[in-house]
Every structure is written in C-alpha cells, then in structure tokens.
Amino acid sequence: MDVTSQPQPQVDSELNSNGTLATADRQQRSQLSRSWRRFRRYRPGVVALVFIAALGIVALVPGLFEPHSYTAIAPGERGGSPSWEHPLGQDDIGRDILSRLIRGTRVAFIVAFAATAIALTIGVGVGAVAGYFGGWVDSVLSRLVDAVLAFPLLILLITLAAVFGPSLWTVVIVIGTTTWASYARVVRADVLSVREREFVVAARAAGAASPRIIMRHVLPTVMGPVIVLASLSVGGIILLEASLSFLGFGIQRPTPAWGSMLSDGREYIRRFPHIIIFPGIMIFLTVLAFNLIGDGLRDALDPRQRE
Amino acid sequence: MIGYVIRRLFQGIIVVFLITFVTFTVLQAAPGDPIELMLGEGAIMITEQQREAILERWGLDKPWYEQYYLWLLNFTTGDLGESIVRAGTPVHEMLLDAAVPTLKLNALAFLVSTLIAIPAGMLAAIKRYSAFDSAVMIIASAGVALPIFWVALMLIIFLSLQLGWLPPFGSSGWKAYIMPVTALALNEVALLTRLMRGSMLEVLEQDYVRTARAKGLSEYAVIVGHTVRNAMLPITTVLGVRAGLLVSGSVVVESIFSWPGLGTLFISSVERFDFQVVQAIVVLLTIFVLLANILTDLLYAYIDPRIRVS
C-alpha cells in the first residue's frame, strides 16, 4: 500500500490564517476525490452502491413502481402463484407481493437511516465528551457504554417495543437509542489520541472554548472511522428491524415491512411457500449491499482497519 | 492480575445494577393494569376491597422505588419472585426449566461455528487468492447478511415439508437439533471465518514467519508451529460479542422452532405482560453476556503477555 494515500490529518484552517482557508478547502476536496478513486477500485462495492441507489429511488417514490395497490385485497385469489399479472404472486389475503415489497423498501430505509442518525449523534457526542474531558466524566460515560453494550440487543428492543407500543417510530427511536455505544467507543479512543496533538493544544492556547475545540478541531479528524462504522452497521439495523417485525414487535399491519411479510406468510408455509421466499431475498440483498459498501468505504477512508 | 480481575468484577456489578434499575423503571412505565392482566380483561369482576387485597398481596400498593428496592433485595439473595400473570409460579422454576434447552442449543451452535470457522478461515488465508479462498469469502459475506429467521423457514420448507427428513419443530431427538443449530450458527460462522482469515493473513506477513521460512522449515511446520496459535488470538476477543449474538439469535430461532427455552419463554412473557419473568430473563442474560465480556478480557490478558492490563 502506498504511503501517500494515507488520509492527511485535517489542516486547521483558522490557525494559519491569512488566506490559507482556500488551500485547506482544496485539500479537503482532493482528499474526497482520492477516497472516491479508492472506493471505485472495489467492484462489489460499486455494484452494491448502484443497487442501493436504485432501491433509494424506489423508496422515495414507491407509487411509481407498484403494479397494484399494496393494500388491495383479493379474497378469491389467496396465495396466488406468480403470474404475468402478479410477478411474485399474491399473499395470504390476495395482495400483490411485488407491490408490498416495493412499499416495504421505504420502511427499511426510513428505519435504517433515521436510527443510524440517532445512534450516530448520541454516540459521537458521548464519545467526544468522554475522550476529550477524561477523568471521572470518562469513567462514568464508559461504564454507561459498557452497560449498553452488555444488553443483549434484541431482548432489549423487544422489551422496549412492548412497553412503548410497537410502531414505525418506536422502532426507529428504540434502535437509535440502543445502538450508539459502538460509535462512542470508537470516537472516545480516537479523541483520546487526538486531544494531545499540536493543533488541539494550539487551539486551546489560542483561547478557544472546549465545545468549539471539539466541534471544529477534534471531531473532523475522527469522522473517517465513524463513517465506516455507520456504513457497516446500517445492514445490521435492517436485520434488527426485520427480526423485530418478524416477531411481531416491529412495524404493524397494514404497513408492509419485509419482516412482517415473512411472519404473515409463516402460517401458510405449507400451502403457499412462495409468500415467504421473496421478502427474505430482499432483506438479504439489501443487507449484503450495505455491507459491501461498508467494506469499500473502509478500504477507501480508513486503511488502518483493513481486514 | 488479581487486582484487575477484582476491578473488572466490581465494574460488572455496577453495570448489572444499572441494568436492573433501567429495566425495572421501563417496565413500570408500561401501560396496562397488572390485576386486569392477571384476571383476564373483564372476565372476572372483583370488588374494590378484593382489588386492594390483591395489590397488597403482590406489593403493588407501594411506590415503584420501594418495589424496586424489594426486588433488588430479593434478587441479591437469589430470589427472583413470583409471576403475577401466571398466578404465583416462582420465576426461578420457570427459568430453570427453560435454561437447559437453551444452553444445549447455544453450546452446540457455539461449538459447531468454532469448529467450522477456524479451519475454514485459516485455509482461506493460507491459500489466498485461490478458488477456495474466493468461495469462502463469498459464502462468509453472504452469511453475515442472511436473516436467520428466513433461513430457518427455508430449511423447514425443504427439509421438513418437502423431503420429510427432519421434524419442523420441537426439541425431542437429535434430529430436532439440526435445523435450529444450523440457523443459530449461521451468522456466527460467517463472522468468525472472516475474522480468522484476516488475523491469519496478518500473522503470515510477520517477520518471524519469514524467518521460519528462511531457516528452511517446511511450510507445514511454519504454519503449525508459528502461525496457528498467534492467529487464534483475536478469536478470543470476540467471545463477548458471540455470547450477545447467540442470545439474540436464540430468541428468534426458538420462536420459529417452538424450542422450549428461554427465548420462547421471553417472547410469551412479553406478550402476556408477565414482567416479573421479563425482568428476570433480561437481567440474567445481561449478566451472561457481561461475564463473557469480562472473561474475554481476562483470557486475552492471560494469553497475550504484551497486554498485561493497564
């Protein structure tokens, strides 16, 4: 691996004032394009990105792609096999499976991105504060992180979903507020090592307040690993949501989620096995694609973490 | 080392304390009247006096922090209380009955995934860029992304319903173990294989491996004598993660195969708002995962003298 492709430490734009701001900006841009070049070299990641982009469009405007209404019931056609009219067949009450899969994409994406955003915000905040201030603040927050990490996640999610009543937003909030701990760990460790670096010491000497130092100088330098971790955990969150919905503690009827489609079809596993085949394939492909993008990003942004 | 063990255990106790508190508080916030749940909605009419008597009998008339204090006091003496919804069945009896099938299932899945993943990952690394390596990596990448509940249902469709080889549910006889263990081990095998391959690749690039080759050792002697043990090191660091994965996976797998274990008990207790049982299961499983984490750190410090804990 060539040494020049290591990510450069963020150059502090304000300290070397007098018009060097433009230089820093240009440097940042070239760093981005270098990362993109490195990402492009990983073929599976590029294919996955195209797939996710396509799914993203489907999730944004599902109505354009659904051949039928995703709620239209056809009592006479329960468990209809795949046909020209219904390419993936019909479910246990005659609804078009393809249309429901398409609508389910939106649910999966909302949960994945919204929950990740919540987890990211909490995790980065806690990690930065713990790492930057150290001392008893760090001890307390680190114990909190340990506690959250020690909870068997699915058990916690089911309990919370049952208590607060399962719904789309319960799922988002519950997953978001329980998966932040790994971000906190990564950010804390990185901040610990960054806070003694010259540019941080210099900012402190120049009289900058702690929140400003953290936001402007410390966090930008540790974002690489955080982005990688986020991209790698999106797939896991989609799996979690699907498991929750499958067990009946996630998205509720009639909103179609891939996991709940599976659980609906489960009772008819003998008579209409085709109902449960396609939602599973969608979950699998989507999670796989997010994981591959994560692998590619790791190689591109954070070469230290390469397997 | 002993100081470290004591410190870790002490930290663990604090974490368990935090978790019991959080679970208890969250469950308190749940909607629903415990008495109604016990009697069944509108099924049995009771007078106000009877109602108060029941509340008093179960200690529900006290404020929640007092209830928590009592629960904690009993918990430290090993008393997990009684299930209100299940009319006074002692919680520890239910847990004991359910723990054995769960332990069997998890231990088997743990064993199977270790026995498959370690050799597969090592061989893939040794034969890097070969067809075998590509195949292993493709399967492992797919394995991480597969939803285990879907795999379990597919197994049932093909092996039970189509071919009739294996029972679709239950836990009687060795045949009943095959599908649940496969489903539970799946994600783990995939994760471990990737980890093992990565770790082996790193070790193979070390100077001491080059030295071993340079002094004329056969490739076999180099691998067996100089790499295997070092490459196993990172595997010990994921014990805690694996425990967590198994516990979560267990809930899903048990519910699909109607396995009479903790996962099934947990789901049915959540559905019936049997919070005494829910609380006990959450706390016990958390302690289990926590202990696995502590054990991991100790094992790591013990095996690798470079990391004598700071």
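Me: What do the buried residues of α1(B) pack against?

Reply: In this predicted model, they pack against α4 (135-150) of chain A, and also against α4 (64-76) and α13 of chain B.

Me: Which residues of α1(B) are these, and what makes them buried?

Reply: They are B:V15, B:I19, B:T20, B:T23 and B:F24. A residue is called buried if 20 or more other C-beta atoms lie within 10 Å of its own, so each of these five names meets that count. Over the 310 residues of chain B, 33% are buried.

Me: How do you know what span to expect of α1(B)?

Reply: The expected span is 1.5 Å times one less than the number of residues; α1(B) has 27 residues, and therefore 39 Å is expected. From first C-alpha to last, α1(B) reaches 39 Å, close to that value.

Me: How do you know how chain B compares with a compact globule?

Reply: For 310 residues, the globule rule gives a radius of gyration near 19 Å, whereas chain B has 25 Å. Chain B therefore does not match the rule's value for a compact globule. Its C-alpha atoms fill a box of roughly 90 × 60 × 30 Å along the principal axes.

Me: What makes up the secondary structure of chain B?

Reply: Chain B has 13 helices and 0 strands.

Me: Which residue class has 30 members on the side of chain B that touches chain A?

Reply: In chain B, 39 residues are in contact with 33 residues of chain A. By class, that side of chain B has 30 nonpolar, 8 polar and 1 charged residues. Elements giving two or more residues to it include α1 (2-28) and α13 (275-303) of chain B.

Note on methods:
Residues are numbered from 1 along each chain as its sequence is written. Chains are lettered from A and ligands numbered from 1 in the order in which they are written. This is a predicted model: local features need pLDDT of at least 70, side-chain atom pairs count only at pLDDT 80 or more; totals for chains, interfaces and linings use all residues. Helices (H or I, at least four residues) and strands (E, at least two) are DSSP runs, numbered from the N terminus. The radius of gyration is taken over C-alpha atoms; the globule rule is 2.2 Å times the number of residues to the power 0.38. A residue is buried if 20 or more other C-beta atoms lie within 10 Å of its own, exposed if 12 or fewer, and partly exposed in between; C-beta atoms are placed from the backbone. Two residues are in contact if their C-beta atoms, placed from the backbone, lie within 7 Å. Ala, Val, Leu, Ile, Met, Phe, Trp, Tyr, Cys and Pro count as nonpolar, Asp, Glu, Lys and Arg as charged, and the others, Gly among them, as polar.
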